[in-house]
Amino acid sequence: MDASLEKIADPTLAEMGKNLKEAVKMLEDSQTRTEEENGKKLVSGDIPGPLQGRIQNIGEQGHMALLGHSLGAYISTLDKEKLRKLTTRILSDTTLWLCRIFRYENGCAYFHEEEREGLAKICRLAIHSRYEDFVVDGFNVLYNKKPVIYLSAAARPGLGQYLCNQLGLPFPCLCRVPCNTMFGSQHQMDVAFLEKLIKDDIERGRLPLLLVANAGTAAVGHTDKIGRLKELCEQYGIWLHVEGVNLATLALGYVSSSVLAAAKCDSMTMTPGPWLGLPAVPAVTLYKHDDPALTLVAGLTSNKPTDKLRALPLWLSLQYLGLDGFVERIKHACQLSQRLQESLKKVNYIKILVEDELSSPVVVFRFFQELPGSDPVFKAVPVPNMTPSAVGRERHSCDALNRWLGEQLKQLVPAGGLTVMDLEAEGTCLRFSPLMTAAVLGTRGEDVDQLVACIESKLPVLCCTLQLREEFKQEVEATAGLLYVDDPNWPGIGVVRYEHANDDKSSLKSDPEGEKIHAGLLKKLNELESDLTFKIGPEYKSMKSCLYVGMASDDVDAAELVETIVATAREIEENSRLLENMTEVVRKGIQEAQVELQKASEERLLEEGVLRQIPVVGSVLNWFSPVQALQKGRTFNLTAGSLESTEPIYVYKAQGAGVTLPPTPSGSRTKQRLPGQKPFKRSLRGSDALSETSSVSHIEDLEKVERLSGGLEQITLEASSTEGHPGAPSPQHTDQTEAFQKGVPHPEDDHPQLLLPWQLTWAQLRNRSQQSTLSR
């Protein structure tokens, strides 16, 4: 900037440039200090609050563009004669430089802030050129012979509506030309169909006015067959206007023939600001016309000096960069796109949509898995007998995964400047357009390499997740109590909702009970410490809570996953219902227990008599004639919700018969896993590993039984050797043992006794060993 300031003769302008440089440096220093404070907001009295933390480093060429706006304000204060000469010189120099750089001979330039404004002015010029009486008769001329403006189906959204609003034309004046369907790119205008439309409009008394072609469509950067379109426009007297990012390649030494044909068009609109990373630089529309009066009426030229000063920021920036600097920036962006395109060709499961455009500075790609013998764009999972609905689901699945991939890449490589977009035919894709982003973000070749490396690192997750989606859906649909939710925006394995007993399937409103169950389910699943991620949220088409299963980085057993989900949800539902009904059940149980105890007191009164209830008399009677009465109480079973007698508690045999072990939980939580194997993972060795584990555990049980058997034989021998000695078992006790082993109760066995080791049979010993192993 200092060298540029030395060229400015006026000391006032030099001082202005110096002040601007100091102001920009102050803003950038504040931004640097803010970043050094680890994200803390730095309050400075020199910078307004809304600007703090929002300043971006724009470089020296950006300073020149900002200086142009300051100079424009200063120049407007000059006297009229100096102002006219200076503005005319700035406008003519900038127009000449741009026409030479972009190979547009004998052209004029219109500078405008709104990118679409130049096309609207060109349409006005075309109307005035084709309708000679339009200035006098106005729209009456258009009514008798309606103009037609042809737009490609791949044109940027909203362009046609903007033109109609600016020109005051009805929407039937727009004609949408479809793209190729059989041959060529699906994003290029169908020239044969366009010619048919033109002939039809002429037969119906309409006037084909203007055609908008693309040198790099807004979506994928494809270029129309501009040479063929130019011939067609010359044949029917139609104005040809070209726009698109590929026009920037006209400044390079090598240009594709399709883009080079744009230099022969009637007009074209370019955006050098984003291409060069220049802030607040206007767009430029170059056009060719010989009648200055019509261009003045159309608004393409103006006698106001302030309108001519719009070119001042670009005039200063072009002088600062020079031709070499201008070309180098565009060349660098094209090299970045070619580098990414060549690298992606070597990556599996990545489809590039611009392979035929070797010189295109735009790269569009998407993740996919090809099904042999089918359309690789839509079918992605090798599922036999796939129905059309399944094909649509896989299309949505790939779209969701590509959106997830785009968000991940934007976070990991922010300098890449990737954008996620939805195409009608291909679906969700990722676009890399360095011409629009590289100069601002400072994208380098290393960033492209990092982008490719990140894509390769995410492919295993994408492939594994896509393969499991259909399997997970089938398992959910085959499981009672679960509902599969088809959410096209979720990139994970799938979405499932547990349907509890009181679930109203016809309602779309939120369900508090279902939200409670799903919240508990989320907590339980996260406690398993698996590699899967889970989250809960409202359903795609309603407000009911659902469980979202995330991406899978390894082979997952979908059956085990679904079984665990439904078993855990049922357990949570049962526990919640038990807690909800506990208050009422306990209250009724207490009332019933009071009634039972009252009946027991009355029965006792009838059995013992009234005299025994008198304190003194009852004691004397009980001393002479004791009463053998059993303790009768009541116990409340919380699980069954019933009132039971306490008599079995005082009888050992009855107690043993009444005790039942809780049922062993079934499902994946009891599934045998290899050491270190996480939940929901398929075993590496399959059923062999499980059978081997079962065999090992069975052998360990047999060894335990043998060790216990050896100890029993030793105890038996010691018992027989001590017969006749003090402390040895009595013959009566020996008879009881033999009778117990034969299964015959001893006549003197009135009360249950503790069984000693030598009193156990082999079957009882084996059962106890197995129960001990199971309990462990």
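Me: Buried means under 20% relative accessible area, exposed over 50%, and partly exposed anything in between, with a 1.4 Å probe and protein chains only. On that scale, is threonine 95 buried or exposed?

Reply: Threonine 95 is buried, with a relative accessible area of 10%. Keep in mind that this is a predicted model, where local features need pLDDT of at least 70 and side-chain atom pairs count only at pLDDT 80 or more, while totals for chains, interfaces and linings use all residues. Residues are numbered from 1 along each chain as its sequence is written, and side-chain values use heavy atoms, leaving out hydrogens and water.

Me: OK, and which helix holds threonine 95?

Reply: Helix α4, residues 80-101. Helices here are DSSP runs of H or I with at least four residues, strands are E runs of at least two, and both are numbered from the N terminus. The C-alpha of threonine 95 is 10.0 Å from that of threonine 285, with their positions 190 residues apart along the chain.

Me: Where does aspartate 399 sit?

Reply: Aspartate 399 is in helix α16, residues 388-412, and counts as buried at 9% relative accessibility. From its C-alpha to that of methionine 421 is 10.0 Å in space, at a sequence separation of 22 residues.

Me: Backbone next. What is phi for arginine 103?

Reply: About 60°, so positive, although arginine 103 is not a glycine. Most residues other than glycine have a negative phi. Arginine 103 is in the loop between α4 and β1 (108-112) and is partly exposed at 33% relative accessibility.

Me: And where is alanine 280?

Reply: In the loop between α12 (272-276) and β7 (283-287). Alanine 280 also has a positive phi, near 60°, in a residue other than glycine, and its 45% relative accessibility makes it partly exposed.

Me: Switching to rings. How many aromatic pairs turn up?

Reply: Five in the whole structure. Rings of Phe, Tyr and Trp (its six-membered ring) pair if their centres lie within 6.5 Å; planes under 30 degrees apart count as stacked, over 60 as edge-to-face and the rest as tilted. One of them joins phenylalanine 134 and phenylalanine 139, edge-to-face at 5.7 Å centre to centre with 80° between the planes. Phenylalanine 134 is buried at 16%, whereas phenylalanine 139 is partly exposed at 45%.

Me: Which residues make up an aromatic cluster?

Reply: Phe102, Trp275 and Phe326 form one.

Me: What lies over the face of tyrosine 104?

Reply: Lysine 288, at 4.6 Å from the ring centre. The test is NZ of Lys or CZ of Arg within 6 Å of the ring centre and within 35 degrees of the ring normal. Lysine 535 also has its charged end over a ring, that of tyrosine 548, 6.0 Å from the centre.

Me: How many disulfides does the search find?

Reply: Zero, in the whole structure. A disulfide here is a pair of cysteine sulfur atoms within 2.5 Å.

Me: Why no bond for cysteine 99?

Reply: Because its closest cysteine sulfur, in cysteine 108, is 7.5 Å away, too far for a bond. Cysteine 99 is buried at 8%. Cysteine 123 has its closest cysteine sulfur in cysteine 164, at 9.2 Å, again too far for a bond, and cysteine 123 is buried at 0%.

Me: Last topic: how many cavities of 30 Å³ or more are there?

Reply: Four. A cavity is a set of points, on a 1 Å grid over the protein atoms alone, where a 1.4 Å probe fits but cannot get out; lining residues have an atom within 4 Å of a point. Volume is the space filled by probe spheres set on the points, which are joined across faces, edges and corners.

Me: What lines the second largest cavity?

Reply: Its lining includes Ser530, Asp531, Met551, Phe680 and Lys681, and its volume is about 60 Å³. By class, the lining has six nonpolar, two polar and three charged residues. Ala, Val, Leu, Ile, Met, Phe, Trp, Tyr, Cys and Pro count as nonpolar, Asp, Glu, Lys and Arg as charged, and the others, Gly among them, as polar.

How values were computed
On a 1 Å grid over the protein atoms alone, a cavity is a set of points where a 1.4 Å probe fits but cannot get out, and a pocket is an open set with protein on both sides within 12 Å along at least five of seven lines; lining residues have an atom within 4 Å of a point.
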